[in-house]
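This report describes the ligand site, the cavities and the pockets of one protein model. The sequence and structure come first, and the text follows.

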Amino acid sequence: MRRLAVYDKKGHVAMSEITNRKRDHIEIGLKHDVSMKIPSGYEQYSFIHQALPEMALEDVSLETTFLGKKIGAPLLISSMTGGGGQAETINRHLGEAAQALRLPMAVGSQRVIFEHPEVLPSFKVARDAAPDVPIFGNMGAVQLNYGITVKHIKEAVAFIDGDGLFFHLNPLQEVIQTGGDTNFRGLLDQIEEVTQNVDFPILVKEVGCGIAPQLAMELERRGVRAIDISGAGGTSWASIEALRATDPRKRRLGEVFSNWGIPSALSLKLCREALPKGYPLIASGGIRTGLDVAKAIALGADMAAFAMPLLEPATKSTQAVIDFLTQIMDEIRVAMFLAGARTIDQLKNTPLIGGPF
Ligand SMILES: Cc1cc2nc3c(=O)[nH]c(=O)nc-3n(C[C@H](O)[C@H](O)[C@H](O)COP(=O)(O)O)c2cc1C
């Protein structure tokens, strides 16, 4: 497998290209507004207000299941980090909050552990902090063309005692990243091969550009057990990479494509219509409030996921993450109360009005 480690003047292993990238992503995310300028699409939908919901607010239950596991609310703490710098602190805070609120969590890309095993604790900390909730690993699918094999995928999940692994699809980000991995040939076959040779669920996500319905159907056919559409309208990876770029041509490329992607709500709706009933779908990309979460579930998601909004609280404390997520849960509860849905199953069958499509 290609090694990217670089050495400082004293011959010590310096931070590799990958760990530097991950550190830059966190710093840029904390300092800059890197949200897309196109909306996620959820704002175009409304629930039908129920002036007499015929229940008490406390009757609303957020409990649900995902891939057969009970969880406290339909919320996933989405893949962000692992590696050097603040990663261990961030993952500890996220993990402790996941455990306290009984929410599933995914760690960030684990490729780095095969080059820098010393950063393993920054991933393991998530499982240590959250022994009782589903924890998912993460790997760029394109890495299957750059040395990552089924064996690495099994190890990545074993290292965190995980419940499954997300392959992320990020062709736009790789194109803009200096030295990005842009050979996306033959990945469907390789993803299928992984699904057939591991005994845990393989899930697939985008990173903010959305999944088209044809691809969703193909992934389902090839054994992928759940899809996070991660659509456009939230974090723009083209903007993040533009801010990192030192080459002006790369910077311009990132700016030109900063709003590229299928708007989240559209990607979700089309994938829901295309996939078999009951196939697990996650909505992320621009989910910013509990009302967005409720609308995503009414549009057909089983769960919604947050990434960027959790970053700042996660650098501060476990309590800051809990406070943010508790607020989101309150907002989901109020949306359900006013829309007349007591349970997440009822919310899934609650009609929305409006919408562009
Ligand atoms: C700081 C940061 C780091 C991320 N790192 C990863 C990663 O390692 N693997 C991955 O699949 N997605 C990664 N993502 C993408 C998110 O999981 C998510 O798909 C995307 O940011 C859209 O959600 P959002 O609008 O809520 O941020 C990262 C996002 C952020 C903000």
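Helices and strands here are DSSP runs, with at least four residues for a helix and at least two for a strand, numbered from the N terminus. The model is a predicted one.

**Ligand site**

The ligand is surrounded by 21 residues, the closest being Lys-22, Asn-138, Ser-230, Thr-235 and Arg-288. By class, this shell holds six nonpolar, 11 polar and four charged residues.

Three side chains place polar atoms by oxygen atoms of the ligand. In Lys-22, an N or O atom of the side chain is 2.8 Å from a ligand oxygen. For Lys-205, the distance from a polar side-chain atom to an oxygen atom of the ligand is 2.9 Å. In Ser-78, an N or O atom of the side chain is 3.2 Å from an oxygen atom of the ligand. On its own the ligand has 610 Å² of accessible area, and the protein covers 98% of that.

Where does the ligand sit? The space that the ligand takes is the largest cavity. Two elements give two or more residues each to the shell around the ligand: strand 8 (202-206) and helix 12 (308-316).

**Cavities**

The structure has two cavities of 30 Å³ or more. The largest holds about 680 Å³ of space. Its lining consists of 40 residues, and Lys-22, Ser-79, Met-80, Val-207 and Trp-237 are the closest to the centre of the cavity. Lys-22 is thus listed among the closest residues to the ligand and among those closest to the centre of the largest cavity.

Several elements give two or more residues to the lining of the largest cavity. The helices are helix 1 (17-31), helix 5 (171-176), helix 8 (237-244) and helix 12, and the strands are strand 6 (135-140), strand 8 and strand 11 (303-306). Which element gives the most to the lining of the largest cavity? Helix 1 does, with five residues.

The second largest cavity has a volume of about 60 Å³. Among the 14 residues of its lining, Leu-172, Val-207, Cys-209, Trp-237 and Ala-238 are the closest to its centre. Val-207 and Trp-237 are also among the residues closest to the centre of the largest cavity. Helix 5 and helix 8 each give at least two residues to the lining of the second largest cavity, and both helices also give two or more to the lining of the largest cavity.

**Pockets**

The volume of the largest pocket is about 190 Å³. Its lining is made up of Arg-272, Lys-277, Gly-278, Ala-298, Gly-300, Asp-302, Lys-348 and Asn-349.

The second largest pocket contains about 150 Å³ of space. The residues that line it are Leu-169, Pro-171, Phe-184, Leu-187, Leu-188, Ile-191, Glu-206, Gly-210, Ile-211, Leu-215 and Leu-219. Helix 6 (187-197) and helix 7 (213-221) are the elements that give two or more residues to this lining. The most comes from helix 6, with three residues.

**Residue classes of the linings**

The table sets out the lining of each cavity and pocket by residue class.

| Space | Nonpolar | Polar | Charged |
|---|---|---|---|
| Largest cavity | 14 residues | 19 residues | seven residues |
| Second largest cavity | seven residues | six residues | one residue |
| Largest pocket | one residue | three residues | four residues |
| Second largest pocket | nine residues | one residue | one residue |

In the second largest pocket, the one charged residue of the lining is Glu-206, and the one polar residue is Gly-210, because Glu counts as charged and Gly as polar. In the largest pocket, the one nonpolar residue is Ala-298, because Ala counts as nonpolar.

Note on methods. Residues numbered from 1 in each chain as written. Predicted model: local features only at pLDDT ≥ 70, side-chain atom pairs only at ≥ 80, totals over all residues. Heavy atoms only, no water. Near = heavy atom within 4 Å. Polar contact = N/O pair within 3.5 Å; in protein donor to acceptor, adjacent residues only side chain to side chain. Areas by Shrake-Rupley, 256 points an atom, 1.4 Å probe, with all protein chains shown as cover. 1 Å grid on protein atoms, 1.4 Å probe; cavity = no way out; pocket = protein on both sides within 12 Å on 5 of 7 lines; lining within 4 Å. Sits in = over half its atoms within 2 Å of the grid points. Points joined across faces, edges and corners; volume = space filled by probe spheres on them.
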